[in-house]
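Student: I should like a close look at a single part of this structure. Please take one element and describe it in a connected way.

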Amino acid sequence: MAPLKVLIAGVGIAGPALALWLTRIGCDITLIERNSSLRDTGHQVDLRGQGVVIMKLMGIEDAVRAVLCSEPGMRFIDHQGKSKVFIAANRTGKGTQSATSEFEIMRGDLVNILYEATRGLKGVKYVFDTSIRDFTQDEGSPDGKVHVTFSDGRQEDYDILVGAEGFGSTTRKIMLGPSFPDPRHDLGVHVAYYTAPSREGDSNDWTMCMMPGRKFIQTRKDKPENIRVYLGTYGKCEALHGAKTLAERKAAWVELFRGSEGAQLDRFLQALSESPMADDLYSQHMTQIRLPEGAWSRGRVVLIGDAAYCPTPFGGGVGTTAALIGAYLFAGELAKRWKENGESLGTPDIEEASKEYERLLRPFITSEQEGHNWFLKAFFPETKLGIWIFYTIVWIMVSLGLDRLLLNLMAPEESEKLEYPDYFGLQKR
């Protein structure tokens, strides 16, 4: 029996994670990436709940721990840099995680770990500077194929096509067609992330300074030589939408925050304008992907990660965790049917696996998407009084030990046991 031929579009977190699991059933896997090399940049991400459990089952815990960010906790500060509230990280490995997770890691480091864990495996091939131009699939045939046309004009057939290119997924757009309703759900927030030179005395804490006018500035420090800066604003920003080049995006963010009161704001705006480090600027209009039930797949084409269910790009460690869970569930459901059917899979089997993966994961995604909206709005007070009220409420909760209740609403519950089917017999009894 020929191995299952799988094409995965997108070499971020969900795609390589899926490839790792699919090697357990001997698949012939090709991963394509539109960029000419591995895109191992990005901001700090974290793993929580079942994301931690699955990461350990993947066998990459030691590699992850070797590059964790040493962040003491989250500190709310005023515009002069004075501490208002501190929420310490929970490093015990037990109980509810803090705002700073036990597993804080730079996105690029996690991408590299997954790439290194899979690129030498039998049946795995990476192809860069390549994307999908179009595809069709055979309808009504149990032995049908997905016929893919690549960006260079080359054509090839696959048993399964997986879209894992993020919330702007080309695979999703082609699969659903031009008449399908826009699945993007606007959260009303714009965020910029970039790197700036560090200075002696810079805090290792995750600092958060709220600013009047529904803005914030945050910093996080994962390396001695630099500091990561986050700017956020709530509301319409026409100048940001019109900025196309890097220089235009930088200028738009500087102008948007000019004259605002934020901790070391002038320093970080100057770095954004003048420092080559800030050329990694990533500007994002925060958006969720909300597809209706049954729309995560069509026949032999399946979406995972942000392409299917971008939960929220704001806090809680949900996006990375959901990517790992989704990859595990889809691969597991395929493996289950592959074993039941004598190491073969027809179109009905793939469709069943896709629907069951969605059925298992959708309740978690729905809960996280809907549960974050209220907190997101509260995170952007309009006035100085609103900021004082927010800080005071958080201070009271921390002082009374009630901050864990708030964090339970924001992030997945922690567990040391796999709460999904143990498809591969890896859970310790």
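**A hairpin, and then helix α13**

Tutor: In this predicted model, M74 has I87 in β5 as its bridge partner. That contact belongs to the pairing of strand β4 (residues 73-77) with strand β5 (residues 83-88), which is antiparallel and runs over five bridges. The two strands form a hairpin with five residues between them, and G81 in the turn has a positive phi of about 90°.

The part for the close look is helix α13, which spans residues 384-399 and contains L385. Helix α13 has 16 residues, and from its first C-alpha to its last it reaches 22 Å, close to the 22 Å expected at 1.5 Å a residue. Within α13, the residues I387, F390, Y391 and V394 are buried. These four cover an arc of only 95° around the axis, and therefore lie on the same side of α13. The general background is that an α-helix has 3.6 residues a turn, so residues three or four places apart point the same way.

The other side of α13 carries L385 and W388, which are exposed. For L385 the relative accessible area is 55%; L385 is called exposed because the cut-off for that term is over 50%. L385 also takes part in a nonpolar surface patch of about 440 Å², made together with W388, I389 and I393. Beyond the helix, α13 is followed by G401, which has a positive phi near 75°.

In summary, α13 has I387, F390, Y391 and V394 buried, whereas L385 and W388 are exposed on the other side.

Definitions and conventions:
Residues numbered from 1 in each chain as written. Predicted model: local features only at pLDDT ≥ 70, side-chain atom pairs only at ≥ 80, totals over all residues. Heavy atoms only, no water. Patch = residues over 30% accessible without salt bridge, like charges linked within 9 Å, V, L, I, M, F, W, Y side chains within 5 Å. Areas by Shrake-Rupley, 256 points an atom, 1.4 Å probe, with all protein chains shown as cover. Salt bridge = Lys/Arg side-chain N within 4 Å of Asp/Glu carboxyl O. Buried < 20%, exposed > 50% of the residue type's maximum accessible area, 1.4 Å probe, protein only. Pairing = 2+ DSSP bridges. Expected span 1.5 Å × (residues − 1). Arc of directions from axis to C-beta.
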